[in-house]
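I opened a notebook for this structure and kept the entries short. Each entry records what I looked up and what I found.

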Amino acid sequence: MKLFLYYLILIFVFSSCSKEKENVFLIGTNTWPGYEVFHYAKYKNEYKNSNIEIRNFFTATNVSNAFRNGIIDAATLTLDEVVLLAEKKVKFKIVLIIDYSNGADVIIGKEHINSMKDLEGKKVAVEHTALGAYFLSRAAVKSNIDLDRVQIIPRSENEHLNAFISENIDAVVTFEPVKSQILEHGGKIIFDSSKIPGEVVDVLIINEESYIKNKSIVKDIIQTWYKTMPKFKHLNIETIDYLKKKFDINDENANKMYDGLILVDRNQNLLHMKKDGLIYQNVKNLIHILKKSNLILDDNISIEEYITDEFI
């Protein structure tokens, strides 16, 4: 409840005034462990430019919509959401690979659910986002089940825990920090993102006009990421305490929050953002899968024009 009210206040304030001052540079995020590096850097006043501000939204779809409507200058999103923006001809630059999910995204079943096969004819709560649809569809393909026989119950991330405990559902598609909380209530993982390695990727994108006009700020954000990220890759007392207070969780869950998540360093970014590197391969695969799943209509998307390693 504390976390819910915290984000409700933020979103109310944010929606009431798109930009508090004309020269502010806004980064939009939703709740995800990899994005906390940006929030922590702001909390510790690590950015050289004081105009950099971070705003949190309930879902990635909210972030994507705010970015598309020009309310925010930058966004942290999964690649599938980025492909959707590209299909809509939104102009932006992918400037940083943040992380790869390697088990942090999961499908958790109740006691009577032992495998993905058991979900046919059952109810599954999932966030109404591109990632939610994509992850569930990929899990269905990998597990050889008929997704048409699964009843989808739309629930936002902040509703996942309550839905699992109190509602008549059989499983939930979720991620940290809710993942650990649901497991404490008897849930068991029946599928995770390690089974589709490299497919769930988080990146930082910048509006093309903002990128051109604010290159010193973009450089500041990226350089601060590299400075701050190791504190989350190898959690210490200070970052654990920060996570405990922000998410109202215990030591054990704070320590486990980054299990199954690969934070990407400078060398990996340089390697993966090269032409024909992993980021290009992932986008090509995503476009094919999203088109096949009817999540996009146009698969004629040239990713080269969106990627830049200028400040890596």
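**Entry 1: Lys-89**

I began with a single residue, Lys-89, which is exposed, with a relative accessible area of 53%. The model I am reading is a predicted one. I placed Lys-89 in the loop between α4 and β4. Its phi is near 65°, a positive value in a residue other than glycine. I noted this because most residues other than glycine have a negative phi. Lys-89 follows α4, so I turned to that helix next.

**Entry 2: helix α4**

How many residues of α4 are buried? I found nine of its nine residues buried, and I wrote the helix down as mostly covered. The list of buried residues includes two glutamates, Glu-81 and Glu-87, and also Asp-80. Others on the list are Leu-79, Val-82, Val-83, Leu-84, Leu-85 and Ala-86.

I then looked up what these residues pack against. I found the helices α3 (60–68), α5 and α14. I also found the strands β3 (74–78), β4 (92–101) and β10.

**Entry 3: α4 against α14**

I took one of these partners, α14, which covers residues 278–292, while α4 covers residues 79–87. At what angle do the two helices pack? I read about 70°, with the axes 10 Å apart. Angles of 65 to 115 degrees count as roughly perpendicular, and α4 and α14 are therefore roughly perpendicular to each other.

From α4, the residues in this contact are Leu-79, Asp-80 and Val-83. From α14, they are Ile-279, Asn-282, Val-283, Leu-286, Ile-287 and Leu-290. I sorted the contact by class and got seven nonpolar residues, one polar and one charged.

**Entry 4: Asn-282**

I looked at Asn-282 on its own, since it sits in helix α14 and takes part in the contact with α4. Is Asn-282 buried or exposed? Its relative accessibility is 9%, so it counts as buried. Leaving out residues up to four places away in sequence, I found that Asn-282 touches Leu-79, Tyr-100, Gly-198 and Val-201.

**Entry 5: Leu-204**

β10 had come up as a partner of α4, so I picked a residue from that strand. Leu-204 lies in β10, residues 201–207. Its relative accessible area is 0%, and it is buried.

Which residues does Leu-204 contact, apart from its neighbours within four places in sequence? Ala-74, Ala-75 and Thr-76 are among them, and so are Lys-93, Ile-94, Val-95, Leu-96 and Ile-98. I also wrote down Ile-27, Phe-38 and Ile-221. I checked one C-alpha distance: Leu-204 and Leu-77 are 6.6 Å apart in space and 127 residues apart in sequence.

**Entry 6: aromatic rings**

I searched the whole structure for aromatic pairs and got 12. One of them is Phe-135 with Phe-191, which is edge-to-face, at 5.7 Å centre to centre and 65° between the planes. Phe-135 is in helix α5 (residues 130–143) and Phe-191 in strand β9 (residues 188–192), so the pair links distant parts of the chain, 56 residues apart. Both residues are on my buried list: Phe-135 has a relative accessible area of 2%, and Phe-191 has a relative accessibility of 1%.

Elsewhere, ring pairs link Tyr-40, Tyr-43, Phe-232, Tyr-242 and Tyr-258 into a cluster.

I also looked for charges over ring faces. Lys-195 lies over the face of Phe-191, at 5.7 Å from the ring centre. Arg-266 lies over the face of Tyr-226, at 4.2 Å from the ring centre.

**Entry 7: Asp-192**

Asp-192 is in strand β9. It is buried, with a relative accessible area of 14%. With residues up to four places away left out, Asp-192 touches Phe-135, Gly-103, Asp-105 and Val-106. Its C-alpha is 8.2 Å from that of Ala-139, a residue 53 places away in sequence.

**Entry 8: backbone**

I ended with the backbone. Most peptide bonds are trans. The bond from Glu-176 to Pro-177 is cis, with omega near 5°. Pro-177 lies in the loop between β8 (171–175) and α7 (178–183).

Asn-45, which is not a glycine, has a positive phi of about 55°. I found Asn-45 in the loop between α2 (36–43) and β2 (52–57). At 65% relative accessibility, Asn-45 counts as exposed.

Notes
Residues numbered from 1 in each chain as written. Predicted model: local features only at pLDDT ≥ 70, side-chain atom pairs only at ≥ 80, totals over all residues. Heavy atoms only, no water. Axes fitted to C-alpha atoms, helices over the stretch in contact; angles between N-to-C directions. Helix = DSSP H or I, 4+ residues; strand = E, 2+ residues; numbered from the N terminus. Parallel < 35°, antiparallel > 145°, perpendicular 65-115°, else oblique. Contact = heavy atoms within 4.5 Å. Nonpolar A, V, L, I, M, F, W, Y, C, P; charged D, E, K, R; others polar. Phe/Tyr/Trp six-rings, centres within 6.5 Å; stacked < 30°, edge-to-face > 60°. Buried < 20%, exposed > 50% of the residue type's maximum accessible area, 1.4 Å probe, protein only. Lys NZ or Arg CZ within 6 Å of the ring centre and 35° of its normal.
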